[in-house]
Amino acid sequence: MSSDEITRREVLVLTAATGGLLAGGQLMWGPVSPAAAQDAASTPTPLEVMLRINGKEHRLTLDPRTTLLDAVREHLHLTGSKKGCGLGQCGACTVLMDGKRVKSCLSLAALMEGREITTIEGLAQGEVLHPLQAAFIERDAFQCGYCTSGQIMAGVACINEGHAGSPEEIREWMSGNLCRCGAYDHIVAAIQDAAAAPSATQGG
Amino acid sequence: MTTAFIGQPVSRVDGRQKVTGAARYAAEFDLPRQAHGAIVRSTVANGRIASIDSAAAERGPGVVAVLTHRNAPRLPYSPHKGAVDPQVGERLHVLQDDRVSHQGQPIALVIADTVEQARHAAALVRVTYTPESWTTDITRVAPVQPTQQKTDQGEVRPPATRRGDPEGALASAEVKVEQTYIHPRENHNPIEMHATIAAWDGDRLTLWDKTQWVHNTAEEIAAVFGIPAQNVRVISPFVGGAFGSSLRTWPHVTLAALGARAAGRPVKVMLSRREMYYGVGYRPHTVQQVALGASRDGRLAAIMHDGYQETSTYEEFSEALLNASRFLYSCPNVDTRHRLARMNVHTPTYMRAPGEASGVFALESAMDELAVALNMDPVELRLLNEPERDEFKKLPFSSRSTRACYRAAAERFGWSRRSAQPRSMRDGRLLIGWGMATATYPMNFAPASAMARLLPDGTAEVTSAASDMGPGTWTSMTQVAAEALGLPIERVKFVLGDTRLPNAPVHGGSLTMASVGSAVQAACRKAREDALARGGANDLLEAVRRIGQPVEASVDTNPGDESQRFSMHAFGAVFVEVAVDPDLGETRVRSMVGAYGAGRIVNPKLTRSQCIGGMIGGIGMALMEHAVLDARNGRVPNANLAEYPVPVHADTPPVMEAIFVEEHDLHVNPLGVKGVGEIAMVGVAPAITNAIFHATGKRIRELPATPDKLL
């Protein structure tokens with residue numbers, strides 16, 4: 001069983017216990033089921049969560065429904081990770097968890113204890129940009145910039161996974177990250193450039 | 001010292017902010033004591049709210065307030081129509097009465113300490129309705145004439161035009177094409193969801209908002225709340241894509257301000273992706289009939305283009321659906337007629353290349369059908385009908401580079417190797433098709449203001465309340481300013497996106513470069529001249545050092561009478577290769593070459609990005625995008641990014657080229673630019689469906705060209 005499956009099952013158990021309401025997610029605006037309505041009366045017990053983000057530890061008191069994305073954006077004010085759907089469909093929230101790319105909008109913060117999380121804010125070494133960040137600027141691999149953090153984090157993972165061998169391969173393995181401005185051509189070029197750079201497989 | 005920046009492929013000046021996550025978008029300006037708002041939306045398409053029970057929501061943990069039409073303050077909603085608002089009808093008023101006119105209409109706002117608490121409590125608001133009959137099936141609506149719209153400049157977008165004897169010419173034409181083309185509703189779907197943070201300080205309001213026009217947002221909210229516009233400050237430095245969705249000020253902006261007032265603390269409202277299909281506008285569904293008549297040798301004798309589109313019950317939104325058909329080709333007999341289908345939906349709005357994208361799809365599809373009927377090369381047909389002047393406005397074109405665009409794109413594409421017969425080109429078992437279409441979009445030039453301030457240390461700050469939703473306003477304005485000032489680009493700082501800065505027009509209609517760029521250029525030139533004169537030096541750095549204090553110049557630029565003397569448009573041509581799987585019906589775009597005559601190109605690096613981005617948008621329009629409106633109830637069942645597919649990395653054609661043909665237009669504006677944001681989206685969808693016809697022999701007249709239509 002892969003760690004991804006464990007995570008997903010744990011998420012399902014926890015979301016069932018909390019009424020299944022992830023912020024920013026698939027909330028319908030009609031009446032909720034009686035079971036969920038009953039939950040409303042009882043206050044979800046806040047959880048003490050220790051998150052390790054970009055090499056720093058943060059002790060947070062969180063609503064158990066808090067996603068990793070909302071934890072970093074709303075509680076730690078690390079707004080580089082973007083919310084584009086809250087449904088795991090756009091990839092703008094992509095971060096690295098123990099070096100692997102995950103969609104932070106589908107990850108509950110409470111399940112991230114003991115994990116090493118890297119967000120876009122943790123990618124550069126001080127003032128020195130990661131080769132992929134530099135390549136994004138050079139290749140003009142973005143326009144509005146909103147999907148960019150997710151594209152870069154996914155791109156770093158894509159290179160580390162060994163999936164950056166050709167433009168076709170990059171396109172396939174990057175297709176979980178949407179760019180509505182349509183910068184794909186330049187993103188692929190930037191990932192190729194960074195994959196060829198000597199230090200590209202660092203970071204995360 | 002290099003100071004020639006216009007025309008250089010400068011990297012984005014805000015690039016570092018964007019690749020490090022430092023660029024802050026609307027939802028990312030957290031304020032002390034900020035609360036979160038969640039919107040409850042209607043679940044019927046028409047009727048009245050019979051009861052609304054917010055007791056459970058109010059008891060929810062962390063809930064600060066629940067606003068409904070029962071307890072929300074009555075707002076003045078003073079008259080205000082910005083250039084982006086429909087000129088006929090009245091905008092939606094939120095929480096003012098029990099009326100519901102469409103699915104997803106905001107009917108309550110829950111404010112809570114955290115976003116989780118607000119969303120949860122919003123689900124606990126119980127609503128019952130007294131439904132009334134509704135209209136959500138466009139196939140059962142009788143389209144009506146739009147109300148005539150007059151402004152100081154004359155009639156806005158005439159709904160019907162006519163020259164010659166179109167019916168007679170069509171009846172006697174040797175070759176005819178008469179078809180109906182359908183374009184479904186599309187949503188902008190910027191990756192950044194709409195968000196507003198509202199904070200009151202007495203009767204002064206600050207909004208951090210996703211907007212393409214800060215000043216209009218301030219004026220609209222001021223009108224809604226009945227306060228002076230100068231009391232509303234709007235801040236919007238970065239916009240995470242918009243494509244038109246942030247032109248108008250949508251109801252959630254009002255709700256954020258209402259919520260902040262009720263809570264007595266700042267409130268942030270961010271729409272969910274699902275709400276993006278109900279809370280902001282969309283490109284409307286259109287139904288278009290095109291009839292073309294031509295002589296056997298291919299000369300157009302008649303063009304008749306009749307189109308209608310959906311709009312809401314409370315506003316008449318109409319777009320430039322038929323404009324291109326009036327002037328794109330030479331034709332003595334032309335009739336165009338635009339109508340509206342009023343439905344229980346929320347009001348549509350402008351989406352990238354509004355009108356042209358859908359209208360040119362119909363016209364250029366029909367032109368391809370005519371070329372097939374004439375057994376003529378589609379490029380040749382267009383060249384044969386190339387007009388010498390705008391036959392609708394009866395004006396010369398300020399410039400028109402269609403011929404150069406056809407030539408450049410066809411050459412790069414290798415069009416001469418095309419085998420004319422449909423289904424005659426293959427790659428193994430795949431059917432290969434080559435298609436093309438013409439593109440056009442008007443050159444828009446609006447009044448704009450800018451301020452340039454030269455500092456004694458030889459740096460400059462240049463400001464205008466413009467917006468940058470992605471094309472690169474931050475960068476291109478810095479280039480224009482540096483060149484006009486004669487300073488290195490590193491010494492020039494351009495600032496935008498704040499109502500405290502000089503007025504800028506809406507960031508839409510491809511007019512920012514022309515309008516704001518001209519103002520920036522003029523302000524910088526004036527500042528430089530003033531500094532040189534006051535400092536008594538030939539060298540600017542020496543002059544500002546001598547003056548020892550800032551030198552400021554503010555300039556307002558206005559269009560002259562050029563639009564009375566010239567017809568001003570950008571033109572282009574798009575060539576496409578598709579491969580269609582005959583067994584699966586799947587279409588893949590393999591190659592796309594666009595050539596554009598768009599005047600001067602300020603930054604070829606950024607302009608290429610903008611153009612290939614528009615072409616990718618066109619792939620979405622052609623092959624996948626369709627916001628399904630459930631005709632039974634007005635809901636959008638695929639209101640998310642998994643079921644409303646947009647192009648992904650894997651959809652990018654391996655070959656993408658954007659060519660800018662040399663074009664010096666001295667008439668359009670001081671910079672000689674036409675803008676490219678919209679035209680890049682035009683012509684792509686018909687070029688693709690024309691290529692699909694060439695590959696398969698099947699004509700797609702209803703977008704998108706999904707596999708089910710090709711099997």
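## A pair of residues in strand 28

In strand 28 of chain B, B:Ile659 is the bridge partner of B:Ala595, and this pairing offers a way into the model, which is a predicted one. The two residues belong to a wider match, since strand 27 of chain B and strand 28 (residues 655-660) of chain B pair in the parallel sense over 6 bridges.

Strand 27 of chain B also pairs with strand 26 (residues 569-580) of chain B, here in the antiparallel sense and over 10 bridges; one of the residue pairs in this match is B:Val574 with B:Gly594, the latter lying in strand 27 of chain B. Strand 26 and strand 27 of chain B form a hairpin with 6 residues between them, and in the turn B:Gly585 has a positive phi of about 70°. Strand 27 (residues 587-597) of chain B is mostly covered, as 8 of its 11 residues are buried.

## An open sheet in chain B

Another part of chain B holds an open sheet of 7 strands, whose order is 3-6-1-15-12-13-14 and whose pairing is mixed. Strand 3 (63-68) and strand 14 (232-235) of chain B stand at the edges of this sheet, and because each has a single partner strand, one side of each is left without a neighbour in the sheet. Neighbouring strands of the sheet are turned by 20° against each other on average, when direction is ignored.

At one end of the order, strand 13 (residues 204-209) and strand 14 of chain B run parallel and are joined by 4 bridges, and among the residues involved, B:Trp208 has B:Ile235 of strand 14 of chain B as its bridge partner. Helices lie across the sheet strands as well. Helix 3 (residues 115-122) of chain B lies across strand 1 (35-41), strand 3 and strand 6 (106-112) of chain B, and runs at about 20° to strand 1 of chain B. Helix 6 (residues 251-263) of chain B lies across strand 1, strand 3, strand 6, strand 12 (195-201), strand 13 and strand 15 (267-270) of chain B, and its angle to strand 12 of chain B is about 35°.

## Chain B as a whole

The secondary structure of chain B comes to 16 helices and 28 strands. The radius of gyration of chain B is 26 Å, close to the 27 Å that the globule rule gives for 711 residues, so chain B is as compact as a globular protein of that length. Along the principal axes, the C-alpha atoms of chain B fill a box of roughly 75 × 75 × 50 Å. Of the 711 residues of chain B, 62% count as buried, and among the contacts in chain B with a separation of 6 or more, 82% come from residues 24 or more positions apart.

Chain B is divided into domain 1 (15-23 + 447-558), domain 2 (31-133 + 192-240 + 246-277) and domain 3 (163-184 + 282-443 + 565-709). The C-alpha centres of domain 2 and domain 3 of chain B lie 37 Å apart, and the contact between these two domains takes 17 residues from domain 2 of chain B and 20 residues from domain 3 of chain B. On the side of domain 2 of chain B that touches domain 3 of chain B, the residues divide into 6 nonpolar, 6 polar and 5 charged.

## Chain A and its two domains

Chain A has 7 helices and 5 strands, which run from the N terminus on as α-α-β-β-α-β-β-β-α-α-α-α. Of the 204 residues of chain A, 56% count as buried. Among contacts in chain A between residues at least 6 apart in sequence, 62% join residues at least 24 apart.

The domain assignment of chain A gives domain 1 (3-22 + 47-122) and domain 2 (131-196), and 15 residues of domain 1 of chain A are in contact with 12 residues of domain 2 of chain A. On the side of domain 1 of chain A that touches domain 2 of chain A, strand 3 (94-97) and strand 4 (100-103) of chain A each supply at least two residues, and strand 3 of chain A gives the most, with 3 residues. The residues of this side of domain 1 of chain A divide into 6 nonpolar, 6 polar and 3 charged.

## Where the chains meet

In the contact between the chains, 61 residues of chain B meet 61 residues of chain A. The elements that give two or more residues to the side of chain B that touches chain A are helix 1 (15-20), strand 1, helix 3 and helix 15 (604-623) of chain B. Helix 15 of chain B gives the most to this side, with 8 residues, and the residues of the side of chain B that touches chain A divide into 28 nonpolar, 20 polar and 13 charged.

Methods
Residues numbered from 1 in each chain as written. Chains lettered and ligands numbered in written order. Predicted model: local features only at pLDDT ≥ 70, side-chain atom pairs only at ≥ 80, totals over all residues. Pairing = 2+ DSSP bridges. Axes fitted to C-alpha atoms, helices over the stretch in contact; angles between N-to-C directions. Contact = placed C-beta atoms within 7 Å. Domains from an automatic or database assignment. Nonpolar A, V, L, I, M, F, W, Y, C, P; charged D, E, K, R; others polar. Rg over C-alpha atoms; globule rule 2.2 N^0.38 Å. Buried ≥ 20, exposed ≤ 12 C-beta atoms within 10 Å, placed from the backbone.
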